[in-house]
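Work through the exercises below with the sequence and the structure at hand, and try each task before reading its solution.

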Amino acid sequence: MIVKELQVQNQLGFHARVASRITRCASGFESLVCVKKDGKRFDLKSVTGVMMANAKHGDMVTVEIDGADEQDAAQAIEALFADKFGER
């Protein structure tokens, strides 16, 4: 299992368009990909799960990736966060 602490850097946080991008990225991997925020775990392969995490600009979240392709999934998710989900 890979665990990463990542910061939400885009101005609007986890809104619908970002949730779709995160879900599309996470769904491309066999590994389980979850985010933990405020003591709750949410599935990043589910748009609803991402939206329910309700992460805002500046929030730190814990991303957990577990599975056969966890290294590749971790790199992709980390790059998505670093790119501010394609936003500013």
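The exercises that follow concern a predicted model, and each task is paired with a solution in steps.

**Exercise 1. A salt bridge between a strand and a helix**

Task: Find out which parts of the chain are linked by the salt bridge of Lys-4 and Glu-78, and decide how exposed each partner is.

Solution. Begin with the pair itself: the side chains of Lys-4 and Glu-78 form a salt bridge, with a distance of 3.2 Å from N to O, and this lies inside the cut-off of 4 Å. Next, place the partners along the chain: Lys-4 belongs to strand S1 (residues 2–7) and Glu-78 to helix H3 (residues 70–82), so that the bridge joins distant parts of the chain, 74 residues apart. Finally, consider accessibility, where partly exposed is the class between 20% and 50%. Lys-4 is partly exposed because its relative accessibility is 25%, and Glu-78 is partly exposed as well, because its relative accessible area is 34%.

**Exercise 2. The partners of Lys-37**

Task: Describe the salt bridges that Lys-37 makes with Asp-38 and with Asp-59, and classify the three residues by accessibility.

Solution. Take Asp-38 to start with: its salt bridge with Lys-37 has its closest N and O atoms 3.0 Å apart. In the salt bridge of Asp-59 with Lys-37, the closest N and O atoms are 3.8 Å apart. This second pair connects distant parts of the chain, since Asp-59 sits in the loop between helix H2 (47–53) and strand S4 (60–66), while Lys-37 is in strand S2 (residues 32–37), 22 residues away. For the classification, Lys-37 is buried because its relative accessible area is 11%, which falls under the limit of 20%. Asp-38, at 66%, is exposed, whereas Asp-59, at 21%, counts as partly exposed. To complete the picture of salt bridges, note that Lys-36, Arg-41 and Glu-64 are joined in a network, and that the total count is six salt bridges.

**Exercise 3. Two helices side by side**

Task: Work out how helices H1 and H3 are oriented to each other, and which residues bring them into contact.

Solution. Two packed helices are described by the angle and the distance between their axes. Here the axes of H1 (residues 16–27) and H3 come within 9 Å and cross at roughly 160°. Angles over 145 degrees count as roughly antiparallel, and H1 and H3 are therefore roughly antiparallel to each other. The crossing of H1 past H3 is right-handed. From H1, the residues in contact are Arg-21, Ile-22, Cys-25 and Ala-26, and they meet Ala-76, Ile-77 and Leu-80 from H3. Sorted by class, this contact has six nonpolar residues, no polar ones and one charged residue.

**Exercise 4. Two buried residues**

Task: For Asn-10 and Val-61, state where each lies and what surrounds it.

Solution. Asn-10 is found in the loop between S1 and H1, and it counts as buried because its relative accessibility is 0%. Apart from residues up to four places away in sequence, Asn-10 touches His-15, Val-18, His-57, Lys-84, Phe-85, Glu-87 and Arg-88. Val-61, in turn, is part of strand S4, and with a relative accessible area of 1% Val-61 is buried too. Its contacts, neighbours within four places in sequence being set aside, include Lys-4, Leu-6, Val-35, Lys-37, Ala-55 and Phe-81. As a last step, compare sequence with space: Val-61 and Val-8 are 53 residues apart in sequence, and their C-alpha atoms are 7.6 Å apart.

Definitions and conventions. Residues numbered from 1 in each chain as written. Predicted model: local features only at pLDDT ≥ 70, side-chain atom pairs only at ≥ 80, totals over all residues. Heavy atoms only, no water. Helix = DSSP H or I, 4+ residues; strand = E, 2+ residues; numbered from the N terminus. Buried < 20%, exposed > 50% of the residue type's maximum accessible area, 1.4 Å probe, protein only. Axes fitted to C-alpha atoms, helices over the stretch in contact; angles between N-to-C directions. Parallel < 35°, antiparallel > 145°, perpendicular 65-115°, else oblique. Left-handed = near helix turned anticlockwise from the far one by under 90°. Contact = heavy atoms within 4.5 Å. Nonpolar A, V, L, I, M, F, W, Y, C, P; charged D, E, K, R; others polar.
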